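Thanks for coming. I will go through one structure this morning, taking aromatic contacts, a pocket and some strand pairing in turn.

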Amino acid sequence: MTDAPGTDTYGSVEPRVPLGEARVVLAGLGVTGRSLQRVLTPRVASLVTADDKADDADHSALDADGAAAVLAEADLLVASPGFAPHHPVVAAALAAGVPVWSEAELAWRLRVDRLGADRPAEWLGITGSNGKTTTVEMLAAILRAAGLRTAAVGNVGRSLVEAALDPTLDVLAVELSSFQLHFTHTMSLEAGAVLNVAADHLDWHGSLDAYARDKGRIFENVKVACVYSVADKRTEELVREADVVEGARAVGFVAGMPGPGDLGLVDDVLVDRAFHAAGDDPDRRKSAAELGVLADLKQLGDLGGVVPAHIVADALAAAALARAHGVPASAVRDGLRSFGPSEHRIQRVAEADGVTYVNDSKATNAHSAAASLAGFAHGTVVWIAGGLPKGATFDELVSSRADRMRAAVVIGADPRPLADTLARHAPKIPVVVIDPGDTGSVMRRAVAAARDLAQPGDTVLLAPAGASQDQFASYAQRGEEFARVVRELTA
């Protein structure tokens with residue numbers, strides 16, 4: 001990769017003293033930060049916290065001068081995901097040569113420290129612009145079906161750093177964000193996957209190329225398999241650029257006919273042409289192991305009963321990682337059958353007057369919203385969207401999915417970018433802009449407007465294509481508010 005550990009971009013890797021003797025600064029006291037605080041406090045010489053939003057932080061003055069003072073005596077900075085490389089605290093650490101670690105890096109170091117005492121769990125890692133949570137939870141379901149003790153961790157479920165210290169787990173299904181991967185230096189996954197790469201978080205990373213490079217760091221030091229999307233050539237490029245352990249393989253997945261060494265779909269059958277045993281067929285290049293059928297994913301289909309291509313791709317990626325760990329094909333089938341929809345991911349909330357209301361609040365960028373809209377091929381959508389764009393634009397999303405829309409309702413603290421894009425690329429579609437300055441519930445006004453625009457047979461779909469923090473605490477709170485209002489207005 002072009003920016004490797006040790007460069008100005010990622011900073012130094014090793015503190016000058018062992019972790020147990022280190023003076024550590026913890027940046028961020030959100031959910032991740034609190035977990036890190038619990039784990040670090042008994043394991044380091046001293047720990048001070050820095051957060052300009054937490055009342056109990058040791059340091060809250062985080063401008064350039066305050067950051068330099070915080071880092072003056074530090075041996076290591078552990079940064080929560082919200083702290084970008086240009087944040088004053090991180091920038092001060094990089095300038096002073098203080099190593100910066102992510103939660104994932106700390107968790108991996110603590111895992112390695114346990115090697116002499118017992119056998120720690122292997123990690124199977126997943127990143128991508130969209131589909132991470134669905135895929136990591138599918139993977140955990142497959143691993144459980146194989147009788148393995150596992151947990152879905154990272155950005156979902158348990159804290160990664162606490163799970164890494166749990167001796168009862170056999171293998172971890174790890175969701176990793178680009179933020180976490182940026183300052184992760186020594187991790188060596190058994191297998192890792194990049195599901196897709198689309199413009200997202202450009203305000204944090206600075207450019208799409210930098211964002212993609214950080215996604216690709218999941219492949220560094222992989223031991224068994226680098227799993228990539230055949231449909232997204234950028235993910236294959238990331239595999240080619242990665243420095244892996246000798247013997248690691250590139251394994252593609254595609255929601256269509258797979259090539260040799262890939263996983264894919266033949267008619268309605270999910271098949272593996274990468275990991276099936278040679279003993280099953282003397283000529284592996286002409287054979288495949290059956291992993292399941294589309295009917296095993298029917299609970300994840302759209303309201304017309306069709307399983308969207310992106311769900312099939314997620315299932316194949318999860319299957320590839322599980323197969324890299326040695327899971328039998330039967331467990332893939334059983335795990336997929338048992339898997340239910342993720343919360344706030346294409347959840348059917350209610351139906352009233354022939355209109356169905358669906359919550360996909362987790363569609364926090366344009367790529368994810370496009371996939372969500374594409375899944376409703378058997379009807380017309382009244383689209384509720386808007387929020388923080390995170391440096392991305394909406395042109396491709398609107399131009400490619402306008403045929404799915406009857407109307408749009410735009411929310412967000414600044415609704416103009418999306419509203420202007422709709423006017424340019426879908427001028428015939430009615431658009432209602434919810435004034436952020438009006439009093440009262442934003443979501444109530446949005447759902448009421450969508451209800452008035454919808455006709456029998458339509459779907460009112462919340463797929464925001466933006467982050468939630470401009471008007472809501474989180475995507476979960478946004479989705480919960482949508483569901484609550486829908487139930488009230490359709491009761």
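How many aromatic pairs does a search of the whole structure find? The answer is 1. Before I go on, please keep in mind that this is a predicted model.

The pair is made by Trp108 and Trp123, and it counts as edge-to-face because the ring planes stand at 80 degrees, over the 60 that the class requires. The ring centres are 4.9 Å apart. As for where these residues sit, Trp108 belongs to helix 4, residues 103–113, and Trp123 to strand 5, residues 122–127, so the contact ties together parts 15 residues apart in sequence. Are the two residues buried or exposed? Trp108 and Trp123 are both buried.

There is also a contact between a charge and a ring. Arg249 places its charged end over the ring of Phe275, at 5.0 Å from the ring centre.

Next, the second largest pocket. Its volume is about 870 Å³, and 37 residues line it. Which of them lie nearest the centre of this pocket? Those are Asn130, Asn196, His367, Ala370 and Ala371. The elements that contribute two or more residues to the lining are helix 11 (309–324), helix 13 (366–374) and helix 14 (395–401). Helix 13 provides the largest share, with 6 residues. By residue class, the lining of the second largest pocket has 19 nonpolar, 11 polar and 7 charged residues.

Now the strands. Strands of a sheet pair through backbone hydrogen bonds, in a parallel or an antiparallel sense. This model has examples of parallel and antiparallel pairing.

For the parallel case, take the open sheet of 4 strands, whose order is 2-1-3-4. Which strands are at the edges? Strand 2 (46–50) and strand 4 (100–101) are, each pairing on one side only. Within the sheet, strand 1, residues 23–27, runs parallel to strand 3, residues 76–79, and 4 bridges join them. One position to look at is Val25, whose bridge partner in strand 3 is Leu77.

For the antiparallel case, go to strand 14, residues 347–352, and strand 15, residues 355–359, which pair over 5 bridges. Here Arg348 is opposite Val358 of strand 15. The two strands make a hairpin with 2 residues between them. In the turn, Asp353 has a positive phi, about 55 degrees.

That is the last item on my list.

Terms used: Residues are numbered from 1 along each chain as its sequence is written. This is a predicted model: local features need pLDDT of at least 70, side-chain atom pairs count only at pLDDT 80 or more; totals for chains, interfaces and linings use all residues. Side-chain values use heavy atoms; hydrogens and water are left out. Rings of Phe, Tyr and Trp (its six-membered ring) pair if their centres lie within 6.5 Å; planes under 30 degrees apart count as stacked, over 60 as edge-to-face and the rest as tilted. Buried means under 20% relative accessible area, exposed over 50%, partly exposed in between (1.4 Å probe, protein chains only). A charge sits over a ring if NZ of Lys or CZ of Arg is within 6 Å of the ring centre and within 35 degrees of the ring normal. On a 1 Å grid over the protein atoms alone, a cavity is a set of points where a 1.4 Å probe fits but cannot get out, and a pocket is an open set with protein on both sides within 12 Å along at least five of seven lines; lining residues have an atom within 4 Å of a point. Grid points are joined across faces, edges and corners, and a volume is the space filled by probe spheres set on the points. Ala, Val, Leu, Ile, Met, Phe, Trp, Tyr, Cys and Pro count as nonpolar, Asp, Glu, Lys and Arg as charged, and the others, Gly among them, as polar. Two strands pair if DSSP finds at least two bridges between them.
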